[in-house]
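Open the model in your viewer and colour it by secondary structure. The stops below say what to select next and what is there.

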Amino acid sequence: MTSNNEILDAALTKINDRYVFPELTAAIEEALRGRAADGEYDGLAGPELCAAVTGHLQEVRPDKHLRLLWSEEAVPVEEEDSPEEEAARWAEVYRRGNYGIRRVEQLDGNIGYLDLTFIPDAGPGHQAIGAAMQLVAHTDALVIDLRTCRGGSPNGVALWCSFFFPDDELHLNDIYDRETDSTRQFWTYPHLPAPRYLDRPVTVLTAAFTFSGGEELAYNLQANKRATLIGETTRGGAHPTDRFALTPHITVTVPTARSINPITGTNWEGVGVVPDVAEPADRALETALSRLRADRD
């Protein structure tokens, strides 16, 4: 049985090796080693250990993707999925979640409504995303509801964003990766599986729950002045993250890259995406529809 100190050692090794801000890892290690030396992790069961270590990580470095997670379901520790196995696993996740598309509707006043719970990778998700956009293609305004969106793929975010701009010449985001010391650019796509949604108002709904890829979608549209954001400030997670199994039930999540918006030069990490119109999440849709309908009167 793996001891709590061994779990901590393994977690710190992954953080030291992979965290996108290597200059900060010494402070993280010093803080957690100090707490371990004081006996704060002694005797803690797995879920309690994960909660304690995550809280202490957040005190040193308030990066919401930097966490120790407990899973009731056991996962392999040593074996890594082959690319084919990983693709198959994600394909099942996407299928069961309907590619993140929970609802597509035409609301009164010919206003389209999309309710997104996550953002799939562009490859497997493009047909479903295209189908959703085809269904709202003839509406006069669009509401994208990200209040329960928990994150997703940067490629998928770029695909969603592409529908709202006229061509493939808009630079949406950069992601710097520590392991390769390289920066990848994300631009709007030249070819889409449904018509572009241009010259009509777009409103995005946000909540304190909205996270990661959902935040990027809102941030990109806001930075390019293509949408009005209504709701709450989002959670503030802008760092693409890898997961490393430490035991069959404990995983450390380590941000290995960071987003850099070409307009703002920064991202939403730690501060969240601030809406243009602040509104409690449970009233955001009503406010959005009222504003859109009033603009048409």
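Select helix 2, residues 25–37. Helices here are DSSP runs of H or I with at least four residues, strands are runs of E with at least two, and both are numbered from the N terminus. Helix 2 has 13 residues and reaches 18 Å from its first C-alpha to its last, close to the 18 Å expected at 1.5 Å a residue; the expected span is 1.5 Å times one less than the number of residues. This is a predicted model, in which local features need pLDDT of at least 70 and side-chain atom pairs count only at pLDDT 80 or more, while totals for chains, interfaces and linings use all residues. Residues are numbered from 1 along each chain as its sequence is written, and side-chain values use heavy atoms, with hydrogens and water left out.

Stay on helix 2 and show its side chains. Which residues of helix 2 are buried? They are Thr25, Ile28, Leu32 and Ala36, where buried means under 20% relative accessible area, exposed over 50%, and partly exposed in between (1.4 Å probe, protein chains only). Seen down the axis of helix 2, these buried residues fall within an arc of 65°, so they line one face of the helix; the arc is that of the directions from the helix axis to the C-beta atoms. An α-helix has 3.6 residues a turn, so residues three or four places apart point the same way. On the face turned away from the buried side, find the exposed residues Ala26, Glu30 and Ala37.

Now add helix 1 (4–18) and helix 3 (46–60), which are among what covers the buried residues of helix 2. Contact means heavy atoms within 4.5 Å. Then step to Gly39, which follows helix 2 and has a positive phi, near 80°.

Next, select strands 1, 10 and 9. They form an open sheet of three strands in the order 1-10-9, with antiparallel pairing; two strands pair if DSSP finds at least two bridges between them. Strand 1 (67–70) and strand 9 (241–245) stand at the edges, each with a single partner strand, so one side of each is left without a neighbour in the sheet. Neighbouring strands of this sheet are turned by 25° against each other on average, direction ignored. Axes are lines fitted to C-alpha atoms, for helices over the stretch in contact, and angles run from 0 to 180 degrees between N-to-C directions.

Zoom in on strand 9 and strand 10 (residues 250–255), which are joined by five bridges and run antiparallel. Ala245 stands opposite Thr251 in strand 10. Helix 3 packs on this sheet, touching strand 1 and strand 10, and its direction makes about 165° with that of strand 1. Helix 1 lies across strand 1, strand 9 and strand 10, running at about 20° to strand 10.

Move to strand 7 (residues 202–206) and strand 8 (residues 228–231), a parallel pair with four bridges. Thr203 stands opposite Thr228 in strand 8. Add helix 7 (residues 213–223): with strand 7 and strand 8 it makes a right-handed β-α-β unit. Right-handed means that, with the strands pointing away from the viewer, the path from the first strand over the helix to the second runs clockwise.

In the loop between strand 7 and helix 7, pick Ser212. Its phi is near 55°, a positive value in a residue other than glycine. Is Ser212 buried or exposed? Ser212 is buried, with a relative accessible area of 16%.
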